[in-house]
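Open the model in your viewer and keep the sequence panel beside it. The tour moves by selection.

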Amino acid sequence: MLEELKKRVFLCNQMLSSRGLVVLTWGNASAFDPISGLLVIKPSGVSYDTMSADDMVVVDLEGKVVEGRYRPSSDTPTHIVLYKEWGDKVQGVVHTHSVHATSWAQSGKDLPIQGTTHADYFYGDVPCLGVLTPQEVEEGYEHFTGVKIVHDFNERQIDPISLGACLLTGHGPFTWGASVEKAVENSIVLETIAQMGIYTRTINPDMRLPGYILDKHYLRKHGKNAYYGQK
């Protein structure tokens, strides 16, 4: 099972590169196996052009490398927090520095819901979370990044499945989903709507999609009576 998961994680990391969501080695995708309690993640600083499925690193939820010849991504502690807290729902996590989503993150602004493209995937504004404290950065920057995400989603009463993305002020986007493939899909969509959002703000800074249209578009794809797509 882990060998198959390593192949999937490798392909998803390659997709981030082929879609232009990562530059150099600035990004990572991981997948969590709830049966074994292990996750598979991209190795730190290894080029997308040269890495293979065998280079993916297997890590437990305490951060110990179980299998792999490389060090795991430096963002592994963030992924671990999300799996520890949301692993019953979330089994894939992606982090990138994609240009348009990161531009929103660097602005410190939530990405507002302006249109139905956004509404098809995310049930509300994509939140931009605040910066960590100096103590948190010193004690465990990547760990407390994950803690920040979980804390703020709980505080804002946001369901991490209906809104599988966030921005971190001055940093960049994280996305997640029920699988690593879904986390990558959310990352692609987030970058697309972030670009649209910049253009929309330029034309009409006050644009906001009415709530009833958000409900219609999101629920026709994801609600209990969803009818979009095939059975």
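The stops below cover a strand and its partners, then a group of aromatic rings, then two charges over rings.

This is a predicted model, in which local features need pLDDT of at least 70, side-chain atom pairs count only at pLDDT 80 or more, and totals for chains, interfaces and linings use all residues. Residues are numbered from 1 along each chain as its sequence is written, and side-chain values use heavy atoms, without hydrogens and water.

Select residues 27-33, strand β1 (strands are DSSP runs of E, at least two residues; helices are runs of H or I, at least four). In β1, 7 of 7 residues are buried (under 20% relative accessible area, 1.4 Å probe, protein chains only).

Add β5 (residues 92-96), which pairs with β1 in the antiparallel sense over 5 bridges; strands pair if DSSP finds at least two bridges between them. Then add β2 (residues 38-41), antiparallel to β1 and joined to β1 by 4 bridges. Ser 30 has Val 93 as its bridge partner in β5 and Ile 41 in β2.

Next, select Trp 86, Phe 153 and Trp 176, which form one aromatic cluster. Rings of Phe, Tyr and Trp (its six-membered ring) pair if their centres lie within 6.5 Å; planes under 30 degrees apart count as stacked, over 60 as edge-to-face and the rest as tilted. The structure holds 5 aromatic pairs. Trp 86 and Trp 176 have ring centres 5.3 Å apart and planes at 50°, so this pair is tilted. For Phe 153 and Trp 176 the centres are 5.3 Å apart and the planes at 70°, so the pair is edge-to-face.

Finally, select Lys 221: its charged end sits over the ring of Tyr 228, 4.5 Å from the centre. Lys 42 lies over the face of Tyr 48, at 5.0 Å from the ring centre. The criterion is NZ of Lys or CZ of Arg within 6 Å of the ring centre and within 35 degrees of the ring normal.

How values were computed:
Buried < 20%, exposed > 50% of the residue type's maximum accessible area, 1.4 Å probe, protein only.
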